[in-house]
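Trainee: Got a minute to go through a structure with me? I'd like to work from the whole chain down to single side chains.

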Amino acid sequence: MNPGNVSLTRASLTKVDLRMSYLNGRDLSGADLTGADLTKADLTEANLTKANLSGTNLTGANLSGANLSGADLTGANLYGANLREIIKDKDTKGLPPGS
């Protein structure tokens, strides 16, 4: 899936199937992605500031360089996800230790 120029800021994408989506550099700040399937999605350098990613499947997703400041990843499946050079802050929840 490639959402083109659609604004995804504060979008409600609860339980949406976004497997293998190309979301590179997209602004998903404040989006509700609770329970969404983002398996193998490309979220390179995406803005996920204050996004709700709780319970999200991010298996094999590429999050390199993504901004996760204030994001909630509680209960998210991050198996095999690329978390290199992510941006996070004290309010980011649910990341594995050392991320």
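Mentor: Sure, and one term before we start: a polar contact is a pair of N or O atoms within 3.5 Å, where one must be able to donate a hydrogen and the other to accept it. Keep in mind that this is a predicted model.

Trainee: Let's use that term right away, then. Which side chain does the side chain of S54 make a polar contact with?

Mentor: S54 counts as buried, at 16% relative accessibility. Leaving aside neighbours within four places in sequence, S54 is in contact with T34, G35, D72, L73 and T74. The polar contact, at 2.7 Å, goes to the side chain of N52.

Trainee: And T44, which side chain is its polar partner?

Mentor: T44 is buried too, with a relative accessible area of 15%. Not counting residues up to four places away in sequence, T44 touches N24, G25, N62 and S64. Its side-chain polar contact spans 2.5 Å, and the partner is D42.

Trainee: Zooming out, how many helices and strands does the protein chain have?

Mentor: You might look for some regular elements in the fold, but the assignment gives none of either kind. The radius of gyration is 11 Å, close to the 13 Å from the globule rule for 99 residues, so the chain is as compact as a globular protein of that length. The C-alpha atoms fill a box of roughly 35 × 25 × 20 Å along the principal axes. As for the tally you asked about, the secondary structure comes to 0 helices and 0 strands.

Trainee: What share of contacts between residues at least 6 apart in sequence join residues at least 24 apart?

Mentor: Take S54 and D37 as a sample pair: they sit 17 residues apart in sequence and 11 Å apart in space, C-alpha to C-alpha. For the contacts you mean, the share joining residues at least 24 apart is 1%.

Trainee: What percentage of the 99 residues is buried?

Mentor: The cut-off for buried is under 20% relative accessible area. The chain exposes about 5,300 Å², with carbon and sulfur atoms supplying 49% of that area. Buried residues make up 42%.

Trainee: Which residues touch the most other members of the largest nonpolar core?

Mentor: In soluble globular proteins, nonpolar side chains tend to be buried together. Here the largest core has 29 residues. L48, for one, contacts residues including L28, L33, L53, L63 and A71, leaving aside neighbours within four places in sequence. The ones touching the most other members are L43, L48, L53, L58, L63 and L73.

Trainee: On to charges. Where is the salt bridge of K90, and what is its N to O distance?

Mentor: K90 is exposed, with a relative accessible area of 77%, while D91 is partly exposed at 41%. The two side chains meet in a salt bridge, N to O, at 3.5 Å.

Trainee: Which residues do salt bridges with shared partners join into one network?

Mentor: A search of the whole structure finds 3 salt bridges. R19, partly exposed at 48% relative accessibility, bridges to D17 with the closest N and O atoms 2.5 Å apart. R19 also bridges to D37, at 3.8 Å, and D37 is partly exposed with a relative accessible area of 21%. The shared partner ties the network together: D17, R19 and D37.

How values were computed: Residues numbered from 1 in each chain as written. Predicted model: local features only at pLDDT ≥ 70, side-chain atom pairs only at ≥ 80, totals over all residues. Heavy atoms only, no water. Salt bridge = Lys/Arg side-chain N within 4 Å of Asp/Glu carboxyl O. Buried < 20%, exposed > 50% of the residue type's maximum accessible area, 1.4 Å probe, protein only. Core = buried A, V, L, I, M, F, W, Y, C linked by side-chain atoms within 4.5 Å. Contact = heavy atoms within 4.5 Å. Helix = DSSP H or I, 4+ residues; strand = E, 2+ residues; numbered from the N terminus. Rg over C-alpha atoms; globule rule 2.2 N^0.38 Å. Areas by Shrake-Rupley, 256 points an atom, 1.4 Å probe, with all protein chains shown as cover.
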